[in-house]
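I sat down with this model and kept notes as I went. The entries follow the order in which I looked things up.

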Amino acid sequence: SNASEILLSRREIFDEQVGKEQSGTFPEFGLVLATIINTNVIFFWLMARLLQEEQARAEIVAEADCVLGQDETFLTDPQKMKMQMSQLVKLDALMNEVMRFHSAGSAMRICTEDVELTFPIGKVHARKSDMVMLSSRSIHFDPNVYGDDAEEFRWDRFLSEDRASLRKFTDRKTGQTVHQHLLTFGGGASLCPGRHFARAEVKIMVITMLRAFEMQLESPTQSLPPITTVPRTFEEPVPNAIFPVKMRLRTLRKH
């Protein structure tokens, strides 16, 4: 067979877990979905925001040049790539804010007991075994976590005060640290196992573009494209208009 090692390994696992007759092409289909559902749209919004936020673009390009220099071997050396990608803190911060602002995911849970849920619009009574769906946007725009400007896009929101690491968030009501405040990849036991791969994939694409080209909007007053409402809850908001950009090859400077 000419199948890759990862596909063969996944097929063996599915055959063992669910049986050869039932596994079919599901492993391959699942892998394809995992690589395109979130990453391509997150990449678009990240690049769009970078083009609009000149300060973010300047700081992230400078950070990448400092970490990578003229070294292009990170694309072929997995260990070096992992180390260098982990040092791109400002890009991580921007990506988190993009996922917070442009994510449209949800989480589904089954109630293990009767419970009363309180919302600004009133109370909801859920019975044991009822299925509850939680929209990520209710958490992503929670002022108790993200502050009074939660409705605004701020590219460096996730940076610490010294801008050298990612900040931690606390709930203003309880004073406790909020660990799962981004639900782009789900949460709890159903947290996406491919989230690290997806983040690395987006970061590599962004850095490759930024290091290869100088880019700017076709018009300084250009606004973000409107989105297409997606009925399926596991996809990101999709842009439904073109976003003209001017590009030219970039020459890396020696450090």
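**Lys90.** I started with Lys90, which sits in helix H7 (residues 89-102). The model is predicted, so I read every value as computed. Is Lys90 buried or exposed? Its relative accessibility is 17%, under the 20% cut-off, so I logged Lys90 as buried. Next I listed its contacts, leaving aside neighbours within four places in sequence. Lys90 is in contact with Glu59, Ile60, Glu63, Trp155, Leu159 and Arg163.

**Lys203.** I then turned to another lysine. Lys203 lies in helix H10, residues 195-212. Its relative accessible area is 5%, so Lys203 counts as buried. What does Lys203 touch, not counting residues up to four places away in sequence? I found Met85, Ser86, Leu88, Leu91, Asp92 and Met95.

**H5 against H10.** Since H10 had come up, I checked its packing with helix H5, residues 54-68. The two axes come within 10 Å and cross at roughly 95°. An angle of 65 to 115 degrees counts as roughly perpendicular, so H5 is roughly perpendicular to H10. Which residues meet? From H5 I noted Arg57, Ile60, Val61, Ala64, Asp65 and Leu68. From H10 I noted Ile207, Leu210 and Arg211. Sorted by class, this contact of H5 with H10 has six nonpolar, no polar and three charged residues.

**Arg250.** I looked up Arg250 next. Its place is in the segment after strand E10 (245-249). The relative accessible area is 19%, and the cut-off for buried is under 20%, so Arg250 counts as buried. I set aside neighbours within four places in sequence and listed the rest. Arg250 is in contact with Val61, Asp65, Leu210, Arg211, Ala212, Phe213 and Glu214. Among these, Val61, Asp65, Leu210 and Arg211 also appear in the meeting of H5 and H10. I checked Ala212 separately. The C-alpha atoms of Arg250 and Ala212 are separated by 5.4 Å, with their positions 38 residues apart along the chain.

**Cysteines.** How many disulfides does the structure hold? I found zero. I still looked at two cysteines. Cys66 has 66% relative accessibility, over the 50% cut-off, so it counts as exposed. Cys111 has a relative accessible area of 14%, so it counts as buried.

**Aromatic pairs.** I searched the whole structure for ring pairs and got seven. I took one of them, Tyr146 with Phe158. Their ring centres are 5.9 Å apart. The planes stand at 55°, so I wrote the pair down as tilted. This pair links distant parts of the chain, 12 residues apart. Tyr146 is in helix H9 (residues 143-146), while Phe158 is in the loop between H9 and strand E5 (169-170). Are these two residues buried or exposed? Tyr146 is buried, and Phe158 is buried too. I also noted a cluster: ring pairs link Phe44, Trp45 and Phe243.

**Whole chain.** I closed with the totals. The chain has 10 helices and 10 strands. It runs to 255 residues, and 37% of them count as buried. For contacts, I took residues at least 6 apart in sequence. Of those contacts, 67% join residues at least 24 apart.

Definitions and conventions:
Residues numbered from 1 in each chain as written. Predicted model: local features only at pLDDT ≥ 70, side-chain atom pairs only at ≥ 80, totals over all residues. Heavy atoms only, no water. Disulfide = S-S within 2.5 Å. Buried < 20%, exposed > 50% of the residue type's maximum accessible area, 1.4 Å probe, protein only. Helix = DSSP H or I, 4+ residues; strand = E, 2+ residues; numbered from the N terminus. Contact = heavy atoms within 4.5 Å. Axes fitted to C-alpha atoms, helices over the stretch in contact; angles between N-to-C directions. Parallel < 35°, antiparallel > 145°, perpendicular 65-115°, else oblique. Nonpolar A, V, L, I, M, F, W, Y, C, P; charged D, E, K, R; others polar. Phe/Tyr/Trp six-rings, centres within 6.5 Å; stacked < 30°, edge-to-face > 60°.
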